[in-house]
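Reader: I have a model open and some questions about the labels people put on it. Can you walk me through them?

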Amino acid sequence: MVFMLFFYYFCRAKKLPMKKIVLLLLTILLNVAFTIPAKPLQQTHNPTNEIDDPPSGKALVLKNACTLCHHPEKRIVGPSFNTIAVKYQGNSTKIFEFLEGKSNPIVEPEAYQYMEPVIKHLDKLTKREKEAIAKYISRFTISN
Ligand code: HEC
């Protein structure tokens with residue numbers, strides 16, 4: 001307030017067009033205000049995070065072309081999901097470790113050369129996605 005009064009008298013004394021200066025200052029201020037990016041809203045509450053919605057193992061198996069070589073019950077290029085699940089005794093954690101490249105093949109080690117490039121491709125998937133695939137395959141023990 002004191003500053004504004006001082007400014008007013010200063011302008012009068014110098015015969016400066018105070019209105020113009022005030023308008024100019026206002027436009028500068030508004031410009032600055034609009035160019036400063038708005039702070040993103042802080043997410044303190046995200047309801048979608050509270051729902052556990054794991055990726056679908058079946059969808060991932062189809063998307064990643066596993067079914068080109070694997071059939072639920074029949075042998076194609078690779079062993080059936082059923083054969084794999086039985087060999088792994090339904091242990092999805094062990095299948096997951098194999099998909100992560102952390103354990104050696106136990107179903108048909110002699111044919112691993114066909115599966116090896118797939119393991120490399122699976123690097124692009126998240127841990128959760130690989131877990132979902134492993135869970136999906138592990139369940140085939142039940143059907144037979
Ligand atoms: C090019 C053909 C091919 C594709 C595509 C393929 N597999 Fe295989 N897979 C094989 C063959 C052959 C074997 C047998 C060799 C072996 O046991 O590692 C095998 C074995 C496996 C095994 C058993 C591993 C073990 O312990 O022996 C799992 C699990 C498996 N595949 C999962 C997958 C998944 C998941 C995908 C898709 C992301 C996939 N495969 C795609 C050919 C393929």
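Author: Here is how the labels follow from their definitions. This is a predicted model, in which local features need pLDDT of at least 70, side-chain atom pairs count only at pLDDT 80 or more, and totals for chains, interfaces and linings use all residues. Residues are numbered from 1 along each chain as its sequence is written.

Reader: What makes up the secondary structure of the protein?

Author: Eight helices and zero strands, so from the N terminus on it reads α-α-α-α-α-α-α-α. Those are DSSP runs, numbered from the N terminus: H or I of at least four residues for a helix, E of at least two for a strand.

Reader: How do you know that the span of α8 agrees with its number of residues?

Author: The expected span of a helix is 1.5 Å times one less than its number of residues. For the twelve residues of α8 that gives 16 Å, and its end C-alpha atoms are 16 Å apart, so the two agree.

Reader: Why is α8 called mostly covered?

Author: Because a residue counts as buried if 20 or more other C-beta atoms, placed from the backbone, lie within 10 Å of its own (exposed is 12 or fewer, partly exposed is in between). Nine of the twelve residues in α8 are buried, among them Glu129, Lys130, Ile133 and Tyr136. The cover includes α4 (57-63), α5 and α6. Across the protein, buried residues make up 17% of the 144.

Reader: What makes a set of residues a nonpolar core?

Author: The members are buried Ala, Val, Leu, Ile, Met, Phe, Trp, Tyr and Cys residues joined through C-beta atoms within 7 Å. The largest such core here has 14 residues, and Ala85, Ile95, Leu99, Ile133, Ala134 and Ile137 touch the most other members. α8 gives the largest share of this core, five residues.

Reader: Which residues is isoleucine 133 in contact with, leaving aside its neighbours within four places in sequence?

Author: Gly57, Leu60, Val61 and Leu99. Contact means that the C-beta atoms of two residues, placed from the backbone, lie within 7 Å.

Reader: And which residues come nearest to the ligand?

Author: Cys66, Cys69, Gly78, Pro105 and Val107, out of 26 around the ligand. To be near, a residue needs its C-beta atom, placed from the backbone, within 6 Å. α7 (112-121) is one of the elements that give two or more residues to this shell, and α7 gives the most, four.
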